Amino acid sequence: VAKMSAPTMEERKACWGARDEFWQCLDRHEDDVSKCEKLRLSFEARCPQQWVKYFDKRRDFLKYKKKLETEGYHPSEAAGKS
């Protein structure tokens, strides 16, 4: 039975560092994941799976929020049509 324990400070730092390197690579390559595959694998290896899911959603949210701040809100034409 796998025991769920909180990551140590060192494990958290390794996870966050791997996440930051991966995100910086995505930023440099306009979110082309294929150019950052090794960093993605490192990120997934150093972080608990739930954290990877959370950070992926967080990045999407932060990008969306930044877009709203720079471009404003523009409802899509498809919104509201069914």
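**Group meeting: two packed helices and a nonpolar core**

Hi everyone, let's begin with confidence: the protein has an average pLDDT of 89, and 87% of the residues score at least 70. What you have in front of you is a predicted model, and where pLDDT is low, the predicted coordinates should not be read in detail. As for the helices, α2 has the highest confidence, at 98, and the lowest is in α3, with a mean of 95.

Let's stay with that pair. At what angle do α2 and α3 pack? Helix α2 covers residues 37-46, helix α3 covers residues 49-71, and the angle between them is about 130 degrees, with axes 8 Å apart. Angles over 145 degrees would count as roughly antiparallel and 65 to 115 as roughly perpendicular, so α2 and α3 are oblique to each other.

Which residues meet there? On the α2 side we have R40, F43 and E44, and on the α3 side V52, F55 and D56. Sorted by class, this contact of α2 with α3 has three nonpolar and three charged residues, and no polar ones.

Now to the core. The largest nonpolar core has eleven residues, and F43, V52 and F55 are among them. The others are C15, A18, F22, W23, C25, L26, C36 and C47. Both α1, residues 9-28, and α3 supply at least two residues of this core. Its largest share comes from α1, with six residues.

One last stop, friends: C36, one of the core residues. Neighbours within four places in sequence aside, what does C36 contact? The partners are F22, C25, L26 and H29. Of these, F22, C25 and L26 are also listed in the core. Thanks for listening!

Methods
Residues numbered from 1 in each chain as written. Predicted model: local features only at pLDDT ≥ 70, side-chain atom pairs only at ≥ 80, totals over all residues. Heavy atoms only, no water. Axes fitted to C-alpha atoms, helices over the stretch in contact; angles between N-to-C directions. Helix = DSSP H or I, 4+ residues; strand = E, 2+ residues; numbered from the N terminus. Parallel < 35°, antiparallel > 145°, perpendicular 65-115°, else oblique. Contact = heavy atoms within 4.5 Å. Nonpolar A, V, L, I, M, F, W, Y, C, P; charged D, E, K, R; others polar. Core = buried A, V, L, I, M, F, W, Y, C linked by side-chain atoms within 4.5 Å. Buried < 20%, exposed > 50% of the residue type's maximum accessible area, 1.4 Å probe, protein only. pLDDT = per-residue confidence, 0-100.
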